Amino acid sequence: MTKKLRIATLGIHHETNTFASNKTTMAEFRHSGLQTYAVQRGQQYYDMHEKSQTSMSGFIQAAKKHSFELVPLIFAATDPAGTISAEVFNTLGGEALDMLRDQGPFDGVLLNQMGAAVSEEYPDMDGELARWVREIVGPDVPVAMTLDLHANISQQMANETDALVIYKTNPHTDAVPRALDACDLIVRMAQENWRPAKWLEQPPMVIGIFQHDTRDMPMRAVMDDLETVLAQSGIVGASIGEGYPWSDVHENGLACYVLHEDSLEEAKRAARWIADRAWANREVLYEPVGPSPSEAVENALKSAATKPDGSGPIVLLDVGDNIGAGSSGDSTFLLAEAVKQGSKSWLQTIRDPQAIAVCLEAGIGETVTVEIGGKTDSLHGRPVQLTGHITRMSDGRFEDTGTVHAGWRYFDGGTTIVLETEEGPTVALVTTRVGNMSREQFYSLGYRPDDFDIVVAKGVVSPRPAYQPIAYEMITVNTPGATSADMSTFDYKHVRKSLYPLDPNARYVHD
Ligand SMILES: [Zn+2]
C-alpha cells in the first residue's frame, strides 16, 4: 500500500485596493465581515469551511476523494481594503511559515490565496508568500495556489508554484470545483513526481469592471476561449485572471495561464491564443459604460412607477463604492439622489459607526436627526442629513446557506441600526464593511428587499447571486469612488509602462 500523502494548506487572503484610504492593519485581521474568525488556525480553519462553498471546502472534499491527509495550518482573510501593513504580513506570514516548518515534512502545499494582496513591503504579496513557502519546502515538493478570478497574477507567483488554479466564474460560484482541480494536480504531482509545463501570458490590458461578469458578453467570449483551450489534448489546466484594477502594481491586468502535460511550447501557444483574441477586443472589454447617479435614480423611479404589482425591486449597483473591492461602504451619491428626487421606497446599507453611536444613545423607538455616510474620505460624497425613526438594533451577524459569491457563509456586519427616515429611504447603518452579497443581511433585520421599489447594492458582480433572483431590473451605476470604473481618475505609478487603457496606444507584441 502506498503511503498516505500529507498535504498542508495555508493562506493569507486579501484583495488590496491601493487607492483606498482605509489601511489593512492587525485590527482588520481581528474582526472580519466575511467570516466569524478573521484568522483561523488548525482545526478551526477546517471547521469553519467544511460546510461552506469556499476553496478550503473543496480541499476538504478532495482529501476524502484522494484519501490524503489534509493538514490545516492557518487561514487569514478579511474584507478588501487598503494596503496591508508590514506588521500584518510579517506576523501572519511568519506564523504560517513557522507552522509549515514545525509540522512538516509535507508531500504538497495548497496555498489558499485571493491573489491581489499588496503589503507595504511587498507589492506582490501573494508571490512573496509563495517564495517563502518554496524556500522552506524546497524545489521537490509540489505547491499549488488557488485564486480568485480578480487576482493580479505575477511572474513570481507562476515561478514559485507548480500550478495556479483560478475561479472561472464571476459571480464566483465555483471555488469548490476549482479547489478540486488544484488537488487533482497536486496529488498527481506528488504521486508521479511529474510537473506540468506552465506558461503565463500577460497582454498589457485591463478588463473594465463593467465587463467582469463572466456570464455576459464580452467577457463570456474570453471564458469560451479558455474552455476551447481546456478541451485540447495535452492541456492539463488553464486559467484566466481577470485582474483587479485598483491595485497599483506591475502585474495589474489580464493574465492567461496554461499548463501542458509536458510541452512548454504548447502551453505558450495556447496562452497566447487566448491573449491575442482578448487583446483584439480590448476596447469593448474595458469601456466604463453606465448611467450617472442622477440618471440612474431617475430611470429607477420611472421604472418603479410602471412595474407590475408584486414584481421585485430595481437594484442599483453602486460601482464606485464596491465594498467587495475595498471601498468604504459609506458613499452617499445614490442616497443623496434618492432624497433629492423623492424616492419613498428605498433600502440600503451605509457604514457609519458615528451615526450608530448617536442612535445607540437615543435608543430604539426614538427619532433622531443624524448626518449619514460620506465620512471616510473625500471620494464618496458628503454626509446626508436625515431624520429617522430607529426601528431595529442588531449585532449584525447573519448566515446565508444559499449561493453566495465566493462561497462565504457566516457574516458579521457589527452593530447595526435601521432608520426609517422621514425623507423616504430606509437605511441600515452598519459598523463593518460587509458587502451586500446576501439578502439575509436585510431579512435578519426584519426587512424584505423584495418589497421595496429600489434597493442599493454596493458592488458590481458580487451582489448578483443574491439580488438577480428577486430584481425586476438591475442598473449598474457609474458612481465615483475608490472603485470607480474609470481608471483615468486614479494616479497609477507602478503599473506596466504601456498598459491599455491608461496608454491608449499600448502595443502588445510577441514572437
Ligand atoms: Zn473576486
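Q: Buried or exposed: what are His150 and His172?
A: His150 is buried, and His172 is too. Buried means under 20% relative accessible area, exposed means over 50%, and partly exposed is in between (1.4 Å probe, protein chains only). This is a predicted model, in which local features need pLDDT of at least 70 and side-chain atom pairs pLDDT 80 or more, while totals for chains, interfaces and linings use all residues. Residues are numbered from 1 along each chain as its sequence is written, and side-chain values use heavy atoms, without hydrogens or water.

Q: What makes an atom a donor of the zinc ion?
A: Donors are N, O and S atoms within 2.8 Å of the metal (3.2 Å for Na, K and Ca). Water is not among the atoms, so a site may look incomplete. The protein donors here are Asp148 (OD), Asp148 (OD), His150 (ND1) and His172 (NE2), at 2.0 to 2.7 Å. That range lies within the 2.8 Å limit, so these atoms count.

Q: How are the donor residues of the zinc ion spaced in sequence?
A: The spacing is D-x1-H-x21-H. The two histidines link distant parts of the chain, 22 residues apart. His150 is in the loop between strand S5 (143-147) and helix H5 (155-160), and His172 is in the loop between strand S6 (163-166) and helix H6 (175-192). Helices (H or I, at least four residues) and strands (E, at least two) are DSSP runs, numbered from the N terminus.

Q: Why is the site of the zinc ion called irregular?
A: The angles among its four donor atoms run from 52 to 147°. Four donors count as tetrahedral if all angles lie between 85 and 135 degrees. Four count as square planar, and six as octahedral, if opposite donors are over 155 degrees apart and all others between 65 and 115. Anything else is irregular. Angles of 52 to 147° fit neither four-donor class, so the site is irregular.

Q: How do you know which class the aromatic pair of Trp279 and Tyr508 belongs to?
A: The structure holds ten aromatic pairs. In the pair of Trp279 and Tyr508, the centres are 5.7 Å apart and the planes stand at 65°. This pair links distant parts of the chain: Trp279 is in helix H8 (residues 264-280), and Tyr508 is 229 residues away in the segment after strand S19 (473-477). Rings of Phe, Tyr and Trp (its six-membered ring) pair if their centres lie within 6.5 Å; planes under 30 degrees apart are stacked, over 60 edge-to-face, and the rest tilted. With 65°, the pair is therefore edge-to-face. Trp279 and Tyr508 are both buried.

Q: What makes a charge count as sitting over a ring?
A: NZ of Lys or CZ of Arg must be within 6 Å of the ring centre and within 35 degrees of the ring normal. The charged end of Arg282 sits over the ring of Trp279, 4.1 Å from its centre. The charged end of Arg188 sits over the ring of Trp194, 3.6 Å from its centre.

Q: How do you know that the buried residues of helix H11 line one face?
A: H11 (residues 333-341) has Leu334, Leu335, Glu337 and Ala338 as its buried residues. Seen down the axis, they fall within an arc of 160°, so they line one face of the helix. The arc is that of the directions from the helix axis to the C-beta atoms.

Q: Why is strand S5 called largely enclosed?
A: Five of its five residues are buried, so the rest of the structure largely encloses S5. Val143, Met145 and Leu147 point one way, and Ala144 and Thr146 the other.

Q: What makes strands S4 and S5 a pair?
A: Two strands pair if DSSP finds at least two bridges between them. Four bridges join S4 (residues 108-112) to S5, so they pair, and they run parallel. Val109 stands opposite Val143 in S5.

Q: Which strands are joined to S9 by bridges?
A: S7 (residues 197-201) has five bridges to S9 and runs antiparallel to it. S8 (residues 235-241) has six bridges to S9, also antiparallel. Gly237 stands opposite Leu259 in S9. Six of the six residues of S9 (residues 255-260) are buried.

Q: Buried, exposed or partly exposed: how do Ser67 and Asn193 rank?
A: Ser67 has a relative accessible area of 45%, so it is partly exposed. Asn193 has 65%, so it is exposed. Ser67 has a positive phi of about 40° although it is not a glycine. Phi of Asn193 is near 50°, also positive in a residue other than glycine.
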